Amino acid sequence: YRHGEPSEVVVPTPNGEVIFGEGHDVVVVAGPCSVENETMIIETAQRVKAAGAKFLRGGAYKPRTSPYAFQGHGESALELLAAAKAATGLGIITEVMDAADLDKIAEVADVLQIGARNMQNFSLLKRVGAQPKPVLLKRGMSATIEEWLMAAEYILAAGNPNVILCERGIRTFDREYTRNTLDLAAIPVLRKLTHLPIMIDPSHGTGWAEFVPAMAKAAVAAGADALMIEVHPNPAKALSDGAQSLTPDQFDELMQTLQRPLVSL
Ligand code: PEP
Ligand code: MN
């Protein structure tokens, strides 16, 4: 998987080019789990931009465990993401669950997210590999690093070199205190095995907002190239993943901490 130089994934956004990769600034992607309405997505976009995020995340199509849970607003949420992009100039990252939706998602998204549950959906991987937008490939919740890298190979082999890997926590035995076990050791392991940029998602990785800042700082200290953080203006009322979402104020505080030297040796 390694071939000399680390990969740079260069993403044009209205606010300018953003570069993901080793040796570049840590890129922060922030926003709600789901796009819920115009007010909340615009407000969140403005707040995360002011705090230093370069991308807005937000789900339009949501891979929910229960078919009775909120499934995302679909196409109308894509329009709201477009409005948030126009209002702030932030790049947009949102999930593709079904190849049938890819073209309309790619009209607004600057990076296409493949979620943990679809990491080994090989037909979807081939499809995003055969189109030009960069792809954020989340680690499957029970995937080995080898399986994850082979999933990335499907995208690369189909012709798309712009893949970002995102560790989002794996299933272990504790479900009481953490939702998943965030595998931060994956950072140096991936650095050894692959040239691709590495993102860490401490929101899904822990499941609890109070644990997110510590894991975000640890990820940066361990060499992560990017972070994905869930932020919601009113987490208690969120339609999905409220417990793990930071408020805009909490996100701002975290960003200020990350901008200071983390450790003095
Ligand atoms: C998400 O990013 O909101 C999401 C559903 O993530 P994952 O696929 O990692 O569970
Ligand atoms: Mn989520």
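# How do you know? A tour of the barrel and its helices

Guide: Strand β9 (residues 198-200) and strand β10 (residues 226-230) pair in the parallel sense over 2 bridges. Keep in mind that this is a predicted model.

Visitor: What makes β9 and β10 a pair?

Guide: Two strands pair if there are at least two bridges between them. β9 and β10 have 2 bridges, so they pair. Want to spot a bridge yourself? Met199 has Ala226 in β10 as its bridge partner.

Visitor: And what holds paired strands together in general?

Guide: Backbone hydrogen bonds, in either a parallel or an antiparallel arrangement.

Visitor: Which strands make up the closed barrel?

Guide: Go round in this order: β3-β4-β5-β6-β7-β8-β9-β10, which is 8 strands with parallel pairing. On average, neighbouring strands of this sheet are turned by 25 degrees against each other, ignoring direction.

Visitor: How many helices and strands does the protein have?

Guide: There are 9 helices and 10 strands.

Visitor: What makes the protein as compact as a globular protein of its length?

Guide: Compare two values. The radius of gyration is 17 Å, and the globule rule gives 18 Å for 265 residues; those are close, so the protein is as compact as a globular protein of that length. Its C-alpha atoms fill a box of roughly 50 × 45 × 40 Å along the principal axes. Also, 48% of the 265 residues count as buried.

Visitor: Why is Val220 called partly exposed?

Guide: Buried takes 20 or more C-beta neighbours within 10 Å, and exposed takes 12 or fewer. Val220 has 19 inside 10 Å, so Val220 counts as partly exposed. You'll find Val220 in helix α8 (residues 212-221). The C-alpha atoms of Val220 and Ile200 are 8.7 Å apart, with their positions 20 residues apart along the chain.

Visitor: How do you know that the length of helix α1 agrees with its number of residues?

Guide: Helix α1 (residues 38-51) has 14 residues, and at 1.5 Å a residue it should span 20 Å. The expected span uses one less than the number of residues. The end C-alpha atoms of α1 are 20 Å apart, which agrees.

Visitor: Which residues of α1 are buried, and what covers them?

Guide: Met40, Ile41, Thr44, Ala45, Arg47, Val48 and Ala51 are buried. Their cover includes β3 (27-31), β4 (55-57), α2 (75-88) and α9 (248-259). As for spacing, an α-helix has 3.6 residues a turn, so residues three or four places apart point the same way.

Visitor: What follows α1?

Guide: Gly52, with a positive phi near 120 degrees.

Conventions. Residues are numbered from 1 along each chain as its sequence is written. Chains are lettered from A and ligands numbered from 1 in the order in which they are written. This is a predicted model: local features need pLDDT of at least 70, side-chain atom pairs count only at pLDDT 80 or more; totals for chains, interfaces and linings use all residues. Helices (H or I, at least four residues) and strands (E, at least two) are DSSP runs, numbered from the N terminus. Two residues are in contact if their C-beta atoms, placed from the backbone, lie within 7 Å. The radius of gyration is taken over C-alpha atoms; the globule rule is 2.2 Å times the number of residues to the power 0.38. Axes are lines fitted to C-alpha atoms, for helices over the stretch in contact, and angles run from 0 to 180 degrees between N-to-C directions.
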